[in-house]
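Colleague: Let's go through this one together. Please keep the answers short, and tell me where each comes from.

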Amino acid sequence: MTAQSPLKNPILLTLGDAGGLGPELVCRLLGGPDAPKNDRPVVLVGPETALVWHAERLGLARFWTRLSDYDAVAEAAPGIYLLEPEGSAGLPLSPGQETPEGGRAAGESLELALAALAAHPDWGLVTGPLSKAALNAAGFAFPGHTEFLAERSGVGRGGVCMHLCGPVLRVSLVTTHPPLAKVPSLVTYDRVARCLALTWDYVTRLGVADKPIAVCGLNPHAGEGGLLGREDEAVVRPAVEAARAKGISAVGPLPADTLFYRAAQGEFSAILAMYHDQGLPPLKLLHFKDTVNVTLGLPFVRTSVGHGTGFELVGTGKAAVSSLAAALNLAKRLTG
């Protein structure tokens, strides 16, 4: 008699903004004839009305089974399930429109998912896209997913690092979405050191830590020895050297204008960029349709699509499901 395979950790998948692309992409990815085979429970979190609307429009049968609460997930067999927040039941639906109701559904879904993850941190979380404006209009005062998850999980905004990746490039960010004028003051020794440590832990878990992390300089030419700015020599280099002393394989600060080409040739395991529009344009150039957003430093695995709500694309069939598929696959990989 063969031994049974151990049950694999469930994945929670929030639908994001109810009026955005999240519900449609979930239906197209998981409800169609080419849906990936499930080796564990995948639990959708959000309003059922959004799923029903898209499933009916796409001619799909209901492919999910409702669960009463997250305690039932632990006993569930591999398959697709739904947890609906109490406040989202019967939610007025406005597909393709940005509304406070869509933001409320996104916020309530995150809160329900976080309650489940607090009890089961070995589960994974995949998040559908939300609208920051709608989230705030609904009374959730957060700039976005990363800050929401960091604060509600008790880690705090300073304890996490935003990371985005594709098949070739992996990019962590020292700062996330501040105005460019504020970036230099936010690039601190502690922040660089923290993001380096979290990124090293991540590439180690992925099994790609045989190559160093490349650290971008803040200034052009990584400051040119101080001629083009002192931050790289005064802040970034000491943080890199301290990380190396702790056993982290890292190099830098290096000029960002050539670093990404070298990374695309396979020289580095990941890149640590100083700010959003330094690190993400090269990544999106290569991986526009399959970028995955990962929040490093949380007490659980969290991945997300690399795109926004795309209200204007809802119902057109033009939005690719590849980013959601990649986010789900990576969450499964990181949760074993």
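Colleague: Which residues is Tyr202 in contact with, leaving aside its neighbours within four places in sequence?

Modeller: Contact means heavy atoms within 4.5 Å. Neighbours within four places in sequence are left out. The partners of Tyr202 are then His163, Cys165, Arg170, Val294, Leu296, Leu330 and Leu334.

Colleague: What kind of model is this, and what average pLDDT does the protein have?

Modeller: This is a predicted model, in which local features need pLDDT of at least 70, side-chain atom pairs count only at pLDDT 80 or more, and totals for chains, interfaces and linings use all residues. Residues are numbered from 1 along each chain as its sequence is written, and side-chain values use heavy atoms, with hydrogens and water left out. pLDDT is the predictor's confidence in each residue, from 0 to 100. A score of at least 70 is reached by 98% of the residues, and the protein's average is 93.

Colleague: Over which residues does pLDDT stay under 50?

Modeller: Where pLDDT is low, the predicted coordinates should not be read in detail. The stretch you ask about has 0 contacts beyond four places in sequence in the model. It covers residues 1-5.

Colleague: Is Tyr202 buried or exposed?

Modeller: Tyr202 is found in helix α7. Helices are DSSP runs of H or I with at least four residues, strands are runs of E with at least two, and both are numbered from the N terminus. Buried means under 20% relative accessible area, exposed over 50%, and partly exposed in between (1.4 Å probe, protein chains only). At 2% relative accessibility, Tyr202 therefore counts as buried.

Colleague: How far apart are the end C-alpha atoms of α7?

Modeller: The expected span of a helix is 1.5 Å times one less than its number of residues. Helix α7 runs over residues 189-206, which is 18 residues, so it should span 26 Å. The model agrees, with the end C-alpha atoms separated by 26 Å.

Colleague: Which residue follows α7, and what is its phi?

Modeller: Buried residues of α7 include Val203 and Leu206. After the helix comes Gly207. Its phi is positive, near 80 degrees.

Colleague: Why is α5 described as largely enclosed by the rest of the structure?

Modeller: Helix α5 covers residues 145-152. Its buried residues pack against α3, β5, α4, β6, β11 and β12. They are His145, Thr146, Glu147, Phe148, Leu149 and Ala150. The helix is largely enclosed because the buried residues number 6 of the 8.

Colleague: At what angle do α3 and α5 pack?

Modeller: Two packed helices are described by the angle between their axes and the distance between the axes. Axes are lines fitted to C-alpha atoms, for helices over the stretch in contact, and angles run from 0 to 180 degrees between N-to-C directions. The axes of α3 and α5 lie 11 Å apart, and their angle is about 40 degrees.

Colleague: Which residues of α5 does α3 meet?

Modeller: From α3 come Gly107, Leu110, Glu111 and Leu114. By class, the contact has 4 nonpolar, 2 polar and 2 charged residues. Here Ala, Val, Leu, Ile, Met, Phe, Trp, Tyr, Cys and Pro count as nonpolar, Asp, Glu, Lys and Arg as charged, and the others, Gly among them, as polar. On the α5 side are His145, Phe148, Leu149 and Arg152.

Colleague: How many charged residues are in the contact of α9 with α10?

Modeller: Helices α9 (residues 256-264) and α10 (residues 276-287) pack at about 35 degrees, with axes 11 Å apart. Ala256, Phe260 and Ala264 in α9 meet Gln278, Gly279, Pro282 and Leu286 in α10. Those residues divide into 5 nonpolar and 2 polar. The number of charged residues is zero: there are none.

Colleague: Is Ala222 buried or exposed?

Modeller: Ala222 is found in the loop between β8 and α8. Its phi is positive, about 55 degrees, although it is not a glycine. At 7% relative accessibility, Ala222 counts as buried.

Colleague: What is omega for the cis peptide bond that joins Gly252 and Pro253?

Modeller: Pro253 is found in strand β9 (residues 250-254). The cis bond joins it to Gly252, and omega is about 5 degrees.
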